[in-house]
Amino acid sequence: MARTVLLAAHLAGMAAWLGANFTQLALARFYGNQPTDARLAWVRATGLMASRYYNAAGTLIGATGVGLVLHGHWSWSSGFIWVGVGVLVIGGAMGAGGFVPTSARLAAALRAEQATEVRRLDRRTLAMALLDTAFVLTAVLAMVHKWRA
């Protein structure tokens, strides 16, 4: 029963992370064409997600992942586990070092009406979001196929 609860929570954390990525990717173009006030609200919301929401999802994934290894039949030597750990570390670094500061710079550029800088930061955010999503999908693939189990 404990393994089932841990696995369900682990999957919920992953779904939260991946679902938020897909939602942001789907809405980026829409919000990119909105007036400045709406864009600023969107940038503030995504910045908040980068600094809080993803931290909560990552913590849930990490804690339940450790629980699954400790209370399951997998060992720390399994490759797929280290893919997951790596993606959590990379995701955290991208959030703290990429998404959060880029959101702040994007909001400042929007307020200052710096169109060239806004376009540059929009492209940067999109590239980071696509890369982050690719990492998460790689971790999902590694988990499903139990790479080097």
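**Pockets, packing and a salt bridge**

Colleague: How do the residues of the lining of the largest pocket divide by class?
Modeller: This is a predicted model. In it, the lining of the largest pocket mixes three classes. The residues divide into 16 nonpolar, 14 polar and six charged.

Colleague: Which residues lie nearest the centre of the largest pocket?
Modeller: The pocket has a volume of about 820 Å³. Its lining counts 36 residues. Nearest the centre lie Q24, F99, T125, L126 and A129.

Colleague: Which element gives the largest share of the lining of the largest pocket?
Modeller: Four helices each supply at least two residues: α1 (2-32), α2 (36-71), α3 (79-111) and α4 (115-145). One of them gives ten residues, the largest share of that lining. That helix is α3.

Colleague: What volume does the second largest pocket have?
Modeller: Take the pocket ranked second. Its computed volume is about 630 Å³.

Colleague: Which residues are the closest to the centre of the second largest pocket?
Modeller: The second largest pocket is lined by 27 residues. Elements giving two or more residues to this lining are α1, α2, α3 and α4. Closest to the centre are H10, G65, L68, F80 and M143.

Colleague: How many residues of the lining of the second largest pocket are nonpolar?
Modeller: Set the other classes aside: five residues are polar and two are charged. The nonpolar count in this lining is 20.

Colleague: Is α1 roughly parallel or roughly antiparallel to α2?
Modeller: The two helices pack with their axes 8 Å apart, at an angle of about 160 degrees. Angles over 145 degrees count as roughly antiparallel. Therefore α1 runs, relative to α2, roughly antiparallel.

Colleague: Is the crossing of α1 and α2 left-handed or right-handed?
Modeller: The angle between these helices is about 160 degrees. The handedness of the α1 and α2 crossing is computed as left-handed.

Colleague: How many charged residues does the contact of α1 with α2 have?
Modeller: The contact holds 18 nonpolar residues and ten polar ones. The charged residues in this contact number two.

Colleague: How far apart are the closest N and O atoms of R39 and D122?
Modeller: The structure holds two salt bridges. R39 and D122 form a salt bridge, for which the cut-off is 4 Å. Their closest N and O atoms are separated by 2.8 Å.

Colleague: Which helix holds D122, and which holds R39?
Modeller: The pair links distant parts of the chain, with the two positions 83 residues apart in numbering. D122 sits in helix α4, and R39 in helix α2.

Technical notes: Residues numbered from 1 in each chain as written. Predicted model: local features only at pLDDT ≥ 70, side-chain atom pairs only at ≥ 80, totals over all residues. Heavy atoms only, no water. 1 Å grid on protein atoms, 1.4 Å probe; cavity = no way out; pocket = protein on both sides within 12 Å on 5 of 7 lines; lining within 4 Å. Points joined across faces, edges and corners; volume = space filled by probe spheres on them. Nonpolar A, V, L, I, M, F, W, Y, C, P; charged D, E, K, R; others polar. Axes fitted to C-alpha atoms, helices over the stretch in contact; angles between N-to-C directions. Parallel < 35°, antiparallel > 145°, perpendicular 65-115°, else oblique. Left-handed = near helix turned anticlockwise from the far one by under 90°. Salt bridge = Lys/Arg side-chain N within 4 Å of Asp/Glu carboxyl O.
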